[in-house]
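Colleague: I am new to this structure and would be grateful for a close look at a single part of it, the interior. Please explain how that part is built and where space is left in it.

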Amino acid sequence: MISTDMIVIEDPDTLSKICGPNDRNLKQLEKLLQTRIFTRGNEIHLAPENSELNTVFESILNDLLFSVKQKKIPDPYMIETLFHTHIENDPDLRSRDFLSHEINIPGGISRITPRNLNQARYISSMQNHDLSFGVGPAGTGKTFLAIAYALGEILNRRFRKLVLSRPVIEAGENLGYLPGDLTQKLDPYLKPLFDAMEEVLTTSAFQKMHEMNLYEISPLAYMRGRSLKNCIIVLDEAQNTTQEQMKMFLTRLGEGSRAIITGDLTQIDLPCKEKSGLIQAAGILKNVEGIGFSSFQRGDVVRHPLVKKILEAYEQEHTN
């Protein structure tokens, strides 16, 4: 007879949220623990292979109860992160810290919570440093979280303006002459930033920001000579900055301002003779007090599940 461990959840609504639609959360936990999990009334049962799994199972369920009390709905990403925090037994991987992090945006469509521990660390870094770097592969939430955090700071009136910047580098294509004024010419390059803004703000909140001039588009090449005071600045695609551009940008930080720099070192579109300013900055500034660095790995990808597999396939091809 297989021994079982069991957790009783009295509130039916809490039980439903923990299990997820069609028990998807329990299925994810089953996959991770590699053993059967089932419900019986208001009980969640585990059929473990060893006592260590009982401890992990109980810890994860208690964390999920804490999550629901914090009004955060569990999902498979949360289940996977909680599993790793307990199975790795790393003192730096604290599950309650992960569950407590969030970004509050007045007028936002939903609360922004981290999908994994590295995202939680990234949010913490942005909150506690005047200069933060977020570096990692596509799909890990670097840009989305940077924009969400910056919007929260602006709409909570902690900074006077959001400045969005990107190096204008074409990814392997020549787009030719683009008609329109400066904003219209830059729209194709800055569209991912606007996509992130539109994803977390209601239409009325986004329009209000525009009417109140609370955000600004500033091409990286036009930053020289500026001193940005009381602003929060997001420099995206920083892997495509030259070394001179990165130094210039870093020295634009004015009194009362905060900057977030994001980039993916696997997608550098600079000419071969140019060296990435992001790589140089990461090496020079890694030990400077007051600067935060957050790194993401392939396992942190939170887009479509295929994105993680695609990145893995490309990495394997590169190493062969």
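Modeller: The account below goes from the chain as a whole to its cores, one helix, and then the empty spaces.

The model is predicted: local features require a pLDDT of at least 70, side-chain atom pairs are counted only at pLDDT 80 or more, and totals for chains, interfaces and linings use all residues. Residues are numbered from 1 along each chain as its sequence is written, and side-chain values use heavy atoms, with hydrogens and water left out.

The protein chain contains 12 helices and nine strands; these are DSSP runs numbered from the N terminus, helices being H or I of at least four residues and strands E of at least two. Of its 320 residues, 47% are buried, where buried means under 20% relative accessible area, exposed over 50% and partly exposed in between, with a 1.4 Å probe and protein chains only. Contacts, meaning heavy atoms within 4.5 Å, often span the sequence: among those between residues at least 6 apart, 70% join residues at least 24 apart.

A nonpolar core is a set of buried Ala, Val, Leu, Ile, Met, Phe, Trp, Tyr and Cys residues joined through side-chain atoms within 4.5 Å. The largest one has 34 residues, and Leu151 and Leu162 have the most contacts inside it. Two or more of its residues come from each of helix 6 (117–128), helix 7 (142–155), strand 5 (161–165), helix 8 (182–200), helix 9, strand 6 (215–217) and strand 7 (231–235). Helix 7 contributes the most, with eight residues. Leaving aside residues up to four places away in sequence, Leu151 touches Ile105, Leu162, Met197, Val200, Leu201 and Met209. Another core lies apart from this one; it has 28 residues, including Ile7, Leu29, Ile37 and Leu99.

Helix 9 (residues 203–211) merits a separate description. Its buried residues are Ala205, Phe206 and Met209. Seen down the axis of helix 9, these fall within an arc of 100°, so they line one face of the helix; the arc is that of the directions from the helix axis to the C-beta atoms. The face turned away from the buried side carries the exposed residues Thr203, Ser204, His210 and Glu211. Just after helix 9, Asn213 adopts a positive phi of about 55°.

There remains the matter of enclosed space. On a 1 Å grid over the protein atoms alone, a cavity is a set of points where a 1.4 Å probe fits but cannot get out, and lining residues have an atom within 4 Å of a point. Grid points are joined across faces, edges and corners, and a volume is the space filled by probe spheres set on the points. The whole structure holds two cavities of 30 Å³ or more. The largest has a volume of about 50 Å³, and its lining consists of Leu131, Leu228, Ile233, Phe249, Leu250, Arg252, Leu253 and Ala259. The second largest cavity encloses about 30 Å³ and is lined by Lys72, Met78, Phe98, Leu99, His101, Thr113 and Pro114. Leu99 thus appears both in this lining and in the core of 28 residues.

How values were computed:
1 Å grid on protein atoms, 1.4 Å probe; cavity = no way out; pocket = protein on both sides within 12 Å on 5 of 7 lines; lining within 4 Å.
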